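Here are some short exercises to work through with the structure open beside you. Try each task before you read its solution.

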Amino acid sequence: MDLILFLIFAAIALVCAVNVVVQTHPISSAVSLIGVMGSLAILYLLLGAEFIAAAQVIVYAGAVMVLFVFTIMLLNAGRESPRGQSFMVQLLGTPVLLGLLLVLAVLARHMVPPEATVSFGAFRGGTAQAVGKALFTTYLLPFEATSILILIAIIGAVVLARKEVD
Amino acid sequence: MQLWLIPLVPLAGFAINGLFGRRFSKSLVNLFAIGSVLLSFAWVLKTVYGLGDLPTAHVEHYFTWIRSGSLDIGCDFAIDRLTAVMLLVVTGIGSLIHIYAIGYMAHEGGYYRFFAYLNLFMFFMLTLVLAANYAVLFVGWEGVGLCSYLLIGFYFDKRSATNAGNKAFIVNRIGDFGFSLAMFLIFVNFHSLDFARVFGQAPGASVGTLTTIGLLLMVGACGKSAQLPLYVWLPDAMAGPTPVSALIHAATMVTAGVYMTARSWVIYTHAPVAMHTIAIVGIATAFFAATIGLAQNDIKKVFAYSTVSQLGYMFVGIGSGAFSAGIYHLVTHAFFKALLFLGAGSVIHALSGEQDMSKMGGLRKKIPWTFWTMACAAVAIAGVPPFAGYYSKDAILVAAYQQAPWIYWLGVATAGMTAFYVFRAMFLTFFGEYRGGGHPHESPPVMLVPLGVLALLSLGGGFAFRVPDFLRGVFHAGGSVEDPTLMLISVAAGLLGIALAALMYWLKPGMADAFAGRVSGLYKLVYNKYFVDEIYDAAVVRPLVGGSRALLWKLMDTAVIDGMVNGVGAWAREVGGVLERIQSGNIRSYATWVGLGAVMLIVAMGLAGGLIR
Amino acid sequence: MSQVPTSWFLMLGAALFALGVAGFLFRRNIITVFMSIELMLNAVNLSFIAFAYQLKQVDGHLFAFFTMVVAAAEAAVGLAIILTVYRNRATLNIDDVDSMKN
């Protein structure tokens, strides 16, 4: 059962991710990205991360991507015009990409013992309670710091996006 | 015994006159300058009087100068009878010349500077003489070289003077190089530069080592004491004021080489080859310089070559094992050579600057004091008994005969030439008709009194100061040999020289020129000092300067070193130019580079952590 | 077998990350580039959660949480910058933003 779920949603995630990269119109990429995030949320559930899955859907898919869509709307972004590539990107881009893929794949194989498996429900430590507890004890300092970070980001975004007053 | 007072008082005189002399009156400058030297002389007298027999040197250690590894050099002064003799000569003759200089330099500019330098010279010379190890001696050695340079170039607005100063210093440096090598060898072999320790160990060292050390020390002595082939600076040094020529280039500095080799007698007695080399160099120099002195017209140049020649004599004495005879001649030579120079200075002063003897003549009536005192010096240097030069010169010649008779015969010939050219100078200057255009006037008493004192010393110094007896305990060498026949021959040679000079320059004045006309080629050669300076210039100086310019300057400095330094800068710019192209402004290419770097980093970390095999 | 090997999650994360890099390198529209960045961040989150499962600790979740927070802040500011750039240069082509050249 877990295997089937994994395969389905992994496939969806991959297809949507490819779509993000391949589509010419930004809005299509944005919608595909929402799809990726959704399927990832399911996969998180599989891995026992209930809280994170919920946060993923609410924050990521629900807020960040909406922000993206609004911006695309605001800018009236159209299809991307086909134009030349930079030389360096052409030359190195593909090898870098393939190299990266290869390295990561190899690492991924070796990082965990081959017999380790994931089954739904095997890890129960991802509840909101557990996350909250860790957040307010061990990770209190990063928590507070990120609060300030968000504050700064808000101020920064407001300042940057303001229309010039003359 | 407070030996340090002896050099330090003149040093104080130098400091006071050097720093404040510009504002002093002449009398105040005199007070400090002359006073310090006289005080030093007085202290020397007191010290020597209380010296006693002194089987070993009395050493005073003041402070440790250098201590590095096994090298331990202290600032040590020592006194034994040899030092005592030198001290008396330096301070005694030094005082007389200082007094003389009051009159001679009265009308010259830079009065206080002159006396400051002179005092500084006294300090260094006394340090040299009092030194108890080679290092302190070398300090004095270099210091007197410096003062010689300063004083030769005293009239610094004259090109000839500054060139002569440079020449003296540079040629001396060559000698100093030899001296330095000798010191290195001494340290390597004996692990000390202390006289006592070195001479204690020297008899046990190998003959080859001692010979090498001896020869290298001789090179140093050749530089300082103007022997072949490093004598060329001394005649040019006559560009300095005459008291300088008298003090430094007759009585004291040039004798430093003789003193140094005499002090190292232990090394030489165990290295016969080196000692014999010294004798050969000495007699060659003596003969060679005497021939040049025959034809010179500048009165100071005659005496300069005479000094070179007489120094050669001293080295013959050293080289024949008669160390005390060499020192004896040093003492008597100080008397009569200083007198000759001071007298020449008096003549020049009388003629308001004229130095060319062809423009002199008949001066004995006009400046009688100068004439009679110089005459005393002339008979002394000619070796006429019983005056000073006779005793010392014969002691050397007799010792030379024991070593190698040919040296004796050359020495006799040189003695004859010495008498000849000195009396030639006397006759040309004082006899005949006055050929110049000036108004000769006698010098002031302040100049004449030292002349008188030196005249007495030249006449009586020989039998009054029995230097070899005084030094018997120092050198442990054999006693002086008396051989009446040899002495008679050398005296005869001297008298012959006087007679010949009298004939050619007094009784029959035209004879000299006629003779010169018949041997015109030889005469030209001798008159131009065998073109030695020109040969040195062409063979050594010009290639060196040219080579330095072409090789060291243009090639090494400009091309290689500047090239390297500038090249590094240019290369950095090149590399920067290449790397600049990464900064394309294109964000995606930046990202590509980042990606590449990230991949490499991950691979590296994986390899290091053992995850990727 | 109804159990998924953990390494498959990691490989999925790697694939998503590589796709994000590809999008970043080869797309010219700024907004698309941004979205590729978000894709990369998501891939990383997946890795964190997978390792948290592996090690049976909740710290991985915390890391993912903070990553999300920072990504959100970054998205906000980044989009504001894109707006400003668009206003000043009237272009959404990343190659045109090259005034850092040399």
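## Exercise 1: Two helices, covered and open

H14(B) is mostly covered, with 21 of its 21 residues buried. Here a residue is buried if 20 or more other C-beta atoms, placed from the backbone, lie within 10 Å of its own, exposed if 12 or fewer do, and partly exposed in between. Helices (H or I, at least four residues) and strands (E, at least two) are DSSP runs, numbered from the N terminus.

A note before you start: this is a predicted model, in which local features need pLDDT of at least 70, side-chain atom pairs count only at pLDDT 80 or more, and totals for chains, interfaces and linings use all residues. Residues are numbered from 1 along each chain as its sequence is written, while chains are lettered from A and ligands numbered from 1 in the order in which they are written.

**Task.** Check the span of H14(B), then find how many residues of H24(B) are buried.

**Solution.**
- Step 1: The expected span of a helix is 1.5 Å times one less than its number of residues.
- Step 2: The 21 residues of H14(B), 299–319, should therefore span 30 Å, and the end C-alpha atoms are 30 Å apart, which agrees.
- Step 3: Just after H14(B), look for Gly321(B), which has a positive phi of about 85 degrees.
- Step 4: In H24(B), residues 520–527, the number buried is zero out of eight, so this helix lies largely in the open.
- Step 5: After H24(B) comes Lys529(B), with a positive phi near 50 degrees.

## Exercise 2: Two helix pairs in chain B

**Task.** Work out how H8(B) is oriented against H11(B), and H13(B) against H18(B).

**Solution.**
- Step 1: Axes are lines fitted to C-alpha atoms, for helices over the stretch in contact, and angles run from 0 to 180 degrees between N-to-C directions.
- Step 2: The axes of H8(B) (207–224) and H11(B) (256–263) come within 8 Å and cross at roughly 160 degrees. That makes the two helices roughly antiparallel (angles under 35 degrees count as roughly parallel, over 145 as roughly antiparallel, 65 to 115 as roughly perpendicular and the rest as oblique).
- Step 3: Their crossing is left-handed, meaning that the near helix is turned anticlockwise from the far one by less than a right angle; clockwise would be right-handed.
- Step 4: Among the residues in contact (C-beta atoms, placed from the backbone, within 7 Å) are Leu217(B) and Met218(B) of H8(B), and Ala256(B) and Met260(B) of H11(B).
- Step 5: For the second pair, the axes of H13(B) (272–293) and H18(B) (405–430) come within 9 Å and cross at roughly 30 degrees. H13(B) is therefore roughly parallel to H18(B).
- Step 6: The crossing of H13(B) and H18(B) is left-handed too. Its contact residues include Phe287(B) of H13(B) and Tyr421(B) of H18(B).

## Exercise 3: Chain C and its partner

**Task.** Describe the elements of chain C and the contact of chain A with chain C.

**Solution.**
- Step 1: Chain C has three helices and one strand, in the order β-α-α-α from the N terminus.
- Step 2: Of its 102 residues, 63% are buried.
- Step 3: Across the interface, 72 residues of chain A touch 64 residues of chain C.
- Step 4: H3(A) gives the largest share of the chain A side, 12 residues.
- Step 5: By class, that side has 57 nonpolar, 11 polar and four charged residues (Ala, Val, Leu, Ile, Met, Phe, Trp, Tyr, Cys and Pro count as nonpolar, Asp, Glu, Lys and Arg as charged, and the others, Gly among them, as polar).

Technical notes
Contact = placed C-beta atoms within 7 Å.
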